[in-house]
Amino acid sequence: MALVNEHYLKLPGNYLFSDIAKKINTFKVTHPGKRLIRLGIGDVTRPLPQACITAMHKAVDEMSTAETFHGYGPEQGYDFLIEAILKNDFASRGISLSPTEIFINDGAKSDTGNIGEVLRWDNSMGVTDPIYPVYIDSNVMCGRSGELGEDGKWSNVTYLPCTAENHFIPQIPDRRIDIIYLCYPNNPTGTTLTKTELKKWVDYALANDTLIFFDAAYEAYIREDDVPHSIYEIKGAKRCAIEFRSFSKTAGFTGVRCGYTVVPKELTAATLEGERVPVNKLWNRRQCTKFNGTSYITQRGAEAIYTAEGKAQVKATIDYYMENAHIMREGLQSAGFKVYGGVNAPYIWLKTPDNTGSWRFFEQLLYEVNVVGTPGVGFGPNGEGYLRLTAFGEREDCIEAMRRIRMWI
């Protein structure tokens, strides 16, 4: 008989956002006349930039004739998109990378979840807490996370608390860890690290032979000068870090699916015998085996993000969402809430009043205010007592949600 991968059985019954969807569906059935405002799941609402639409229409037309038809493309991505990425995302910031260090994907979630395949299952790992659930769950699936304790923590995971007391800046570990996940600007807290703070992590990684998985999916939302857009702005990072980027929240590609991962050639991992192996080579082998590449049409759309028109249209969309964040942050503060984020990221991290539990406060907002957020505890033990709100909604909904909350309080 076929045996299951028993590590999957260790996972909580449902993914966080599946639990939220079930609660919302129950509410809709029992309260059919109520209008919900959804500020929970981070899906976007603004349409794709017109430059991307035009480019994708042209790409579709190209598929209609034999002379311009495209079948299987390179698993690593087409050169036209890779060159646009190198020029605009990195060279413009003084970062030198080669085309073979860029891997186009179908969104950052896939690669952040799959990257662990090229590393041994028994590597130790560290995560900031709270954290994006995919980082933990994907490691549970391969047995790297250990066992789940009654305190909600996994036995082989070092949790790096991010709390109001430490200004959501995780403390450098006092011992060596093999793999560390960092996400900045942060999901869910919306907070950031300065270049000085990020340099501490790169220095730690270099000194301890640690591999950093750096999720920079929200770098386009950064407003402050001293917040790095890429970990490779820090000297030495190419020897210790893999970076993940996404077009989902940057250009509205949540339904189109495209992003990329940077795996520098300088980056190596070790065998048990001590041999150093380039991770770039391993990841390339993995992608060639398990991934057929992102579609030509999608990549042409992504390329258009980097045109003059595309840049202006993307900026307008990001400005729209960040104005939403400003409205929400100001509205919640005026209502007496303690809030974080919303300055360099499209997320608001809201402290629940009177030590109310995250799920309890979620249900209060749902049933009494008809506003949906995301319970902070779903992102890790240190998320208890918080709620995440996103700025990806419509402007009118953000304004109405703040009005409802102020009246409720």
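Where is the place of P130? I began with this residue in what is a predicted model, and I find P130 in the loop between β3 (125-129) and α5 (133-141). I looked there on account of the backbone, and I note that the peptide bond from D129 to P130 is cis, with omega near 15°.

**Entry: other backbone details**

I then turned to P188, whose peptide bond from N187 is likewise listed as cis, with omega near 25°. For its position I wrote down the loop between β5 (179-183) and α6. I also checked H167, which is not a glycine and yet has a positive phi, near 60°; H167 sits in the loop between β4 (157-161) and β5.

**Entry: domains**

I looked up the domain assignment of the chain, which gives domain 1 as 14-43 + 309-408 and domain 2 as 53-306. I recorded that 29 residues from domain 1 and 39 residues from domain 2 take part in the contact. The C-alpha centres of domain 1 and domain 2 are 26 Å apart.

**Entry: area buried between the domains**

For the area buried between domain 1 and domain 2 I have a value of about 2600 Å², with carbon and sulfur atoms giving 59% of it. On the side of domain 1, I see that N344, F379 and N382 lose the most area to domain 2, and that together they account for 25% of what that side buries.

**Entry: polar links between the domains**

How many salt bridges are counted between domain 1 and domain 2? I find 1 salt bridge there. Looking at residues, I noted that D319 forms a salt bridge with R223, in which the closest N and O atoms are 2.9 Å apart. I set beside this the count of residue pairs in polar contact between domain 1 and domain 2, which is 11, both residues of a pair being at pLDDT 80 or more.

I next asked which elements build the side of domain 1 that touches domain 2, and found that α10 (308-334), β11 (339-341), β12 (347-351) and β15 (386-390) each supply at least two residues. Of these, α10 gives the most, with 7 residues. Sorted by class, this side of domain 1 has 16 nonpolar, 9 polar and 4 charged residues.

**Entry: the sheet with β11, β12 and β15**

Following the strands from the last entry, I found an open sheet of 4 strands in the order β11-β12-β15-β14, with antiparallel pairing. Why do β11 and β14 (374-375) each have one side left without a neighbour in the sheet? Both stand at the edges and have a single partner strand, so no neighbour in the sheet lies on the other side of each. I looked more carefully at β14 and β15, which run antiparallel and are joined by 2 bridges; in this pairing P375 stands opposite L387 in β15.

**Entry: salt bridges in the whole structure**

Finally I searched the whole structure and obtained 20 salt bridges. One that I followed up is formed by K195 with E233, the closest N and O atoms being 3.3 Å apart. K195 lies in helix α6 (residues 195-208), while E233 lies in the loop between β6 (211-215) and β7 (241-246), so the pair ties together parts that are 38 residues apart in sequence.

Terms used:
Residues numbered from 1 in each chain as written. Predicted model: local features only at pLDDT ≥ 70, side-chain atom pairs only at ≥ 80, totals over all residues. Heavy atoms only, no water. Domains from an automatic or database assignment. Contact = heavy atoms within 4.5 Å. Buried area = accessible area lost by both parts, 1.4 Å probe. Salt bridge = Lys/Arg side-chain N within 4 Å of Asp/Glu carboxyl O. Polar contact = N/O pair within 3.5 Å; in protein donor to acceptor, adjacent residues only side chain to side chain. Nonpolar A, V, L, I, M, F, W, Y, C, P; charged D, E, K, R; others polar. Pairing = 2+ DSSP bridges.
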